[in-house]
Amino acid sequence: MRRIPTSARGARFIGWGTALGHDTVTNHDLEQKMDTSDEWIRERTGIERRHIGGSNVELSTESGRRALEMAGVDPLSIDALVLATTTPDRGVPGTSASVQHSLGLKCGAFDVNAACSGFVYSLVTAHGLIAMGAERVLLIGTDVLSRITDWNDRNTAILFADGSGAAVLEATSDSGHLLGWDLDADGSLENLLYQDHGDFIKMDGKEVFRRAVRIMVDSATKSIAHAGVTSDDIALVVPHQANIRIISAACDRLNMPLEKAATVIHETGNTSSASIPLALFDAANKGRIKEGDLVLLVGFGAGMTAASAVIRWTAR
Ligand code: UT7
């Protein structure tokens, strides 16, 4: 079983920020464009509205700047920028390079594409950098899915949207907040959800739904075991915001009441790499997480990737 070495230097969040696409699109707006209804979308997905617009660099810079301001740190003190995204502004260079420049950072910067699991993949990666000597890492999850969504396809257009969530991770003198983690992928399932260059997202929604519940539960169960805790110990679960019915089914199988889940899907839709930080920091801003609480982050996505982490909330 994977264990975090007791000698590894830990980290914790010292600031965070979020941003949403610049324009609001309601279900009623979509009713005007395609054969769907507000009632169907709410009942089948939990989504009421979503926000689209803005480039990846713009949204990442907004959330990143807010995180740096809340942390109260000099941008020059950031040792690395990790940007989780599936929708870079350009093929080359990585969008992280442009965001590094727009935020006035002087450090290494790279993109991580693990689809909707990207933020948790990046969180674990950032902890690895800190274990290797970095003092502060800026972690951002951003997606501009509106750019690769076919706005005439009711199978996908009702779901996807744009957003960004960022956090500053700082090294601690103790073992830090990360207690357990799990990263997974099954590339044999890549054709369930993909986007070819120059084309729109294609998705077998029913099959993704069926697999999503199982892989989220498997990954979460591994992280909970690695952390040496039980699902009863988890105060808040922050799932990927893909569909409220997926969240509900996963909570059910993890023996957690839905009330333990952080949800923003009604407001944000599915923002892929941004979805977990948007839900996590919304819960933190609303005072739903107390010092010492155990928080389970769990995502799934194209690839089919899965990622989860158990953290003890010790944010400054
Ligand atoms: O980050 C990961 C990204 N992807 C996902 O997480 C997707 C996971 N899958 C889902 O969320 C769901 O499968 C969808 C929301 C995509 C679809 O919901 P569903 O409950 O699986 O619907 P369905 O495909 O089984 O369709 C049920 C009915 C069908 O009509 P009939 O055959 O029963 O008459 C569809 O034609 O609903 C119809 N339908 C719609 N009606 C209104 C399908 N899409 C729509 C729509 N508006 N947008």
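**Ligand surroundings, helix α2 and buried residues in a predicted model**

A polar side-chain atom of arginine 154 lies 2.9 Å from an oxygen atom of the ligand, a polar contact being a pair of N or O atoms within 3.5 Å (within protein, one must be able to donate a hydrogen and the other to accept it, and residues adjacent in sequence count only if both atoms are side-chain atoms). The ligand taken alone exposes 950 Å², of which the protein buries 73%, the accessible areas coming from the Shrake-Rupley method with a 1.4 Å probe and, for residues, with only the protein chains shown counting as cover. The model is a predicted one, in which local features need pLDDT of at least 70 and side-chain atom pairs count only at pLDDT 80 or more, whereas totals for chains, interfaces and linings use all residues. Residues are numbered from 1 along each chain as its sequence is written, and side-chain values use heavy atoms, with hydrogens and water left out.

Nitrogen atoms of the ligand are also approached: a polar side-chain atom of threonine 36 lies 2.7 Å from one nitrogen atom, and a backbone N or O atom of glycine 205 lies 2.9 Å from a nitrogen atom. Of the 22 residues around the ligand (those with a heavy atom within 4 Å of it), Thr36, Arg44, Lys206, Asn243 and Arg245 come nearest.

In helix α2 (residues 38-45), the buried residues are Asp38, Ile41 and Thr45, where buried means under 20% relative accessible area, exposed over 50% and partly exposed in between (1.4 Å probe, protein chains only). Seen down the axis of α2, these buried residues fall within an arc of 80°, and they therefore line one face of the helix; the arc is that of the directions from the helix axis to the C-beta atoms. The face turned away from this buried side carries the exposed residues Glu39 and Glu43. The buried residues of α2 pack against α1 (27-33), β3 (49-52), α7 (244-253) and α8 (265-268), helices (H or I, at least four residues) and strands (E, at least two) being DSSP runs numbered from the N terminus.

Alanine 84, in strand β4 (residues 80-84), is buried, with a relative accessible area of 0%. Not counting residues up to four places away in sequence, the residues touched by alanine 84 include Val112, Phe119, Ile140 and Ser273, contact meaning heavy atoms within 4.5 Å.

Cysteine 116 is likewise buried, at 10%, and its sulfur is 17 Å from the closest cysteine sulfur, in cysteine 251, too far for a bond. The count comes to zero disulfides, a disulfide being a pair of cysteine sulfur atoms within 2.5 Å.
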